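Okay, thanks everyone, let's get going. I'd like to walk you through how the strands are arranged in this one, so let me put it up on the screen.

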Amino acid sequence: MKTIDKTKPVMVTGATGYVAGWIVKKLLDEGFTVHAAVRHPEKKEKLVHLDRIAQSTPGTIKYFKADLMVDGSYAEAMEGCELVFHTASPFTLDVKDPQKQLIEPAVNGTRNVLDQANKSTSVKRVVDTSSCAAIYSDAIDTVNAPKGHITEELWNTTSSLKYQPYSYSKTLAEKEAWKMAKAQDQWDLVVINPSFVMGPALNATVATSESVSIMKQLGDGSLKMGVPNMGFGVIDVRDLAEAHFNAGFKPEAEGRHIISAHNSTMLQMAQIIHTKFGDTYPIPNKALPKWLLMIVGPLANKSFTRDFIRNNVNIPWKADNAKSREKLGMNYRPLEETMNDSFQALIDAEMFIKK
Ligand SMILES: NC(=O)c1ccc[n+]([C@@H]2O[C@H](COP(=O)([O-])OP(=O)(O)OC[C@H]3O[C@@H](n4cnc5c(N)ncnc54)[C@H](OP(=O)(O)O)[C@@H]3O)[C@@H](O)[C@H]2O)c1
């Protein structure tokens, strides 16, 4: 059980990211000094949203250059911090070399950040942004789970370098984090396992997250014929920031936490925004038949294999978020608010053309 001194700076890795942006905002709102570790501090366009928030909040932001793949590069950013939020990890599904593009930054990067925590004398707690992807691979795994839904006790056993390599990277990285946490007793590890994150992007025009690219695809016409009706867990990015904050500062927080508000589907998510914005933007309103996906899916997208379609399309997604509500005090917002605010943020950033 660790109590964090709130007058000390707090470090956030991958501060330019979609998820991290809202964690940084929450910290700045609460008056903290944020040590924002970013890969390219010279790319000012990736920092403008954070600078803007810092100007209108009581907190202070300081940038530090750091790369997951460069050993020791988090030393300066971590100096004097008792709390570290480790969010940095590539979240992209379109990769040519999964070992280099996903596994190495996720696993070696986690090792790099935690090695630095071991070298520091200040760090007391690390909050690691893992994923529900470290718990399951396909929607069918959630239905087949012992209790009929996923829980914090389970691990993803079906992803690999060849099948769902992003999920594999998150599984290996979280396992590495637990191994390193158990080998010392200076800091404790609290893990956040979000489902699919939606909600307004603070950095819409430069965002790299798959969350933002899927939201863009729902409004740019590329899916206007229909969506694959896959089971999805959804969490609002603002609620996810709250979960990170509580995991950081509640002394009794421990272990893994499924952070997921809704057991939903891609179709349900699309239909919500179709109801509000469908007259103006080419948003899908129906599901593509599974047989059609089996034929065209693998041609359209190489990660959309027949195995993937079989294990995900027309299959519900089920998780139990009870621990997050009981231990982190989570109270999740409605899916309608999440989806509509996500879409509005992209309209405001002029990402869509009207139909
Ligand atoms: N979005 C979701 O649905 C979701 C769900 C569950 C878990 N997560 C987890 O949440 C975290 C953030 O994801 P996100 O959706 O916010 O994606 P994102 O916007 O793409 O953020 C990823 C962050 O990682 C940084 N990064 C990547 N490679 C790096 C490297 N070699 N060195 C230093 N930094 C590096 C990126 O920095 P640059 O800006 O320099 O590229 C960026 O800040 C990830 O750990 C992801 O696995 C996301």
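I'll go through the two sheets in turn, along with a helix for each. Just so we're clear, this is a predicted model.

Let's start with the sheet that has seven strands. Its order is β3-β2-β1-β4-β5-β6-β10, it's an open sheet, and the pairing is parallel. So which strands stand at the edges? Those are β3, residues 60-65, and β10, residues 255-259; each has a single partner strand, so one side of each is left without a neighbour in the sheet. From one strand to the next, the twist averages 20°.

If you look at the β3 end, β2, residues 33-38, runs parallel to β3, with six bridges joining the two. To find your place there, look for T33, which stands opposite T60 in β3.

Now the helix on this sheet: α8, residues 237-249, packs on it and touches β4 (83-86), β5 (125-129), β6 (188-194) and β10. The direction of α8 makes about 165° with that of β6.

Okay, over to the other sheet. Here three strands go in the order β7-β9-β11, again as an open sheet, but the pairing is mixed. The edges are β7 (196-198) and β11 (262-265), and because each has a single partner strand, one side of each has no neighbour in the sheet. The twist here averages 50° from one strand to the next.

How do β7 and β9 pair? They're parallel, over three bridges, with β9 covering residues 231-236. V197, for instance, has I235 in β9 as its bridge partner.

Finally, α9, residues 266-277, lies across β9 and β11, and α9 runs at about 85° to β11.

Notes: Residues are numbered from 1 along each chain as its sequence is written. This is a predicted model: local features need pLDDT of at least 70, side-chain atom pairs count only at pLDDT 80 or more; totals for chains, interfaces and linings use all residues. Two strands pair if DSSP finds at least two bridges between them. Helices (H or I, at least four residues) and strands (E, at least two) are DSSP runs, numbered from the N terminus. Axes are lines fitted to C-alpha atoms, for helices over the stretch in contact, and angles run from 0 to 180 degrees between N-to-C directions. Two residues are in contact if their C-beta atoms, placed from the backbone, lie within 7 Å.
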